[in-house]
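Colleague: Before I trust your labels, I'd like to hear the reasoning behind a few of them. Can you pull up the model?

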Amino acid sequence: MKRIPKGLDKLGLKNIGEVYYNLNYSELQAHEINKGECQLSTSGAAICDTGIFTGRSPKDKYFVDQPTARKHLALGDVNRLIDKEIYDELLALSLEQLSNKDIYIVDAFCGSSPNSRRKVRFVSEIAWQAHFVTNMFIRPTKEELLDFEPDFTVYNACKATNKNYQKHGLHSDVFVIFDIENNTSIIGGTWYGGEMKKGIFSMMNYWLPLEGRLPMHCSANVGKEGDVCLFFGLSGTGKTTLSTDPNRALIGDDEHGWDEEGVFNFEGGCYAKVIELDEASEPEIFRAIKKNALLENVVIDAVGNVDYTDNSKTENTRVSYPIGHIKNYQKGLQAGHPQNIIFLTADAFGVLPPVSRLTKQQAMYYFLSGYTAKVAGTERGITEPVATFSACFGEAFLPLHPTVYAKLLGDKIDEHHVNVYLVNTGWTGGKYGIGKRMSIKDTRACIEGILSGSINNSEFETLDVFNLAIPKLLKGVKDYNILNPRNTWDVKEEYDKTLKELAKMFQENFKRYQDTGSEFDLYSAGPIVV
């Protein structure tokens, strides 16, 4: 029996051919292979190329200029407005691109909490893009699809480009535009699937705070005793790797909400970087790459063996897969309120310790600072790690002012007595290019110390300038010198100089919050340079 979505006539498309609605995985794979969109790896995973764009295009993201947008959005470099007339022109272009052909429609939930989730409809002409969102979002049951009417619709017209972008005063011929009053978005000029994923994340970051709920760019897992841990961090800092633990159930690897009931996953799948992936260091992710998984931009040989060390297409090689591919995942994708929060940072300067215990004030300071390093390939033009500050560890996806999210987080830390830590997965023994990346083994030892509570049995010392509490000894860390990063530098004076340089960067960045009231007067919680 042919499945037809409700509201097909409301999409604005003309002369629609076949409608491939919420295809199952076998059907999607058949379409991908028969249309020549994908190849198969020896593990059974489909392999696609996303074209010239292997990462997001943040400078091409816009919101339609409307009263609601001007009332709520934090306008600036992240959230830019576009005239309604230009949007209407590009919407017409997108609808024209998707008309007169067969289309794929995927109806899915964003959010596993019935109280907080949204119904989202994705429209595309590409089979693997339907596969991607089928992996990444929560699949409704057949009964739920019977009366599914979307709260938001995404038109992915990736083959359409804006040839008039210069006349329109836009950045390029790529466009990713949100109409928050009419609950639609359009994508053109880029095939990268992550635009759909992060676009809906941006919308959840708009909707939930207005309801008093906290959206978060974090991974989450839960122990056998019900203890929940959140891992905040930008792409490449280790959210997916560190939250995927055989001894703990995975709630999700990237995007979550925190409402009255606890923590809940926005998504139904995982999206992991696979550059340099090997089974020994990341066995759960490696084994998740099988039938129904979708690899992006990897290099394979003639028989379909993947070379995960080959970065000739991009450093940002990735895989999406249903969360059920992880053996130990949390059924229902929900859990209670967290006991521990971990901020992950990839410190390209090599001066931050591998683990620090934060006070409440420090937690708010480092959350608003969101210091890390952008990892090669994550965004267009990034070819090597670049030090950056990204508010709330995800500023690119925050439609509202960062302090809105910080206040919500602070309230929840107080209400639920949450422990907060800063964990550096970046460089040790020197800055990028001189030192080396922190070993996964040592980072996991730090995480285990936090989760088990054994870190609290350690004697702590204070890191100069940053005033961070760092353990002198920690079970599982063989070389205790790494716990105090100054010990790992050959030239101590160079370390001291670099430490102060980074501290000044923190101070300069935090000036942006000086006009937001005494509530965020956290100067003393940050580094102090005499």
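Modeller: Sure. Buried means under 20% relative accessible area, exposed means over 50%, and partly exposed is what lies in between. Keep in mind that this is a predicted model.

Colleague: Why is Asp301 called partly exposed?

Modeller: Its relative accessibility is 38%, and partly exposed covers the range between 20% and 50%, so Asp301 gets that label. You'll find Asp301 in the loop between strand E18 (299-300) and strand E19 (306-307).

Colleague: What makes Asp301 part of a negative surface patch?

Modeller: A patch takes residues with over 30% relative accessible area and no salt bridge, with like charges joined within 9 Å. Asp301 is at 38%, and Asp counts as negative. The patch is formed by Asp301 together with Glu276, Asp278 and Asp307.

Colleague: And Arg444, is that buried or partly exposed?

Modeller: Partly exposed: the value is 27%, and buried would need under 20%. Arg444 sits in helix H12 (residues 440-452). Beyond its neighbours within four places in sequence, Arg444 touches Thr241, Leu242, Thr244 and Ser281.

Colleague: How do you know that Ile342 is buried?

Modeller: Ile342 has a relative accessible area of 0%. The cut-off for buried is under 20%, so Ile342 qualifies. Ile342 belongs to strand E22 (residues 338-345).

Colleague: What is Ile342 in contact with, leaving aside its neighbours within four places in sequence?

Modeller: Cys229, Leu230, Phe231, Phe232, Tyr421, Val423, Ile447 and Ile450. Contact here takes heavy atoms within 4.5 Å. Pro283, for its part, is 22 Å from Ile342, C-alpha to C-alpha.

Methods
Residues are numbered from 1 along each chain as its sequence is written. This is a predicted model: local features need pLDDT of at least 70, side-chain atom pairs count only at pLDDT 80 or more; totals for chains, interfaces and linings use all residues. Side-chain values use heavy atoms; hydrogens and water are left out. Patches are made of residues with over 30% relative accessible area and no salt bridge: like charges are joined within 9 Å, nonpolar side chains (Val, Leu, Ile, Met, Phe, Trp, Tyr) within 5 Å. Accessible areas come from the Shrake-Rupley method with a 1.4 Å probe; for residues, only the protein chains shown count as cover. A salt bridge is a side-chain nitrogen of Lys or Arg within 4 Å of a carboxyl oxygen of Asp or Glu. The place of a charge is taken as NZ of Lys, CZ of Arg, CG of Asp or CD of Glu. Helices (H or I, at least four residues) and strands (E, at least two) are DSSP runs, numbered from the N terminus. Buried means under 20% relative accessible area, exposed over 50%, partly exposed in between (1.4 Å probe, protein chains only).
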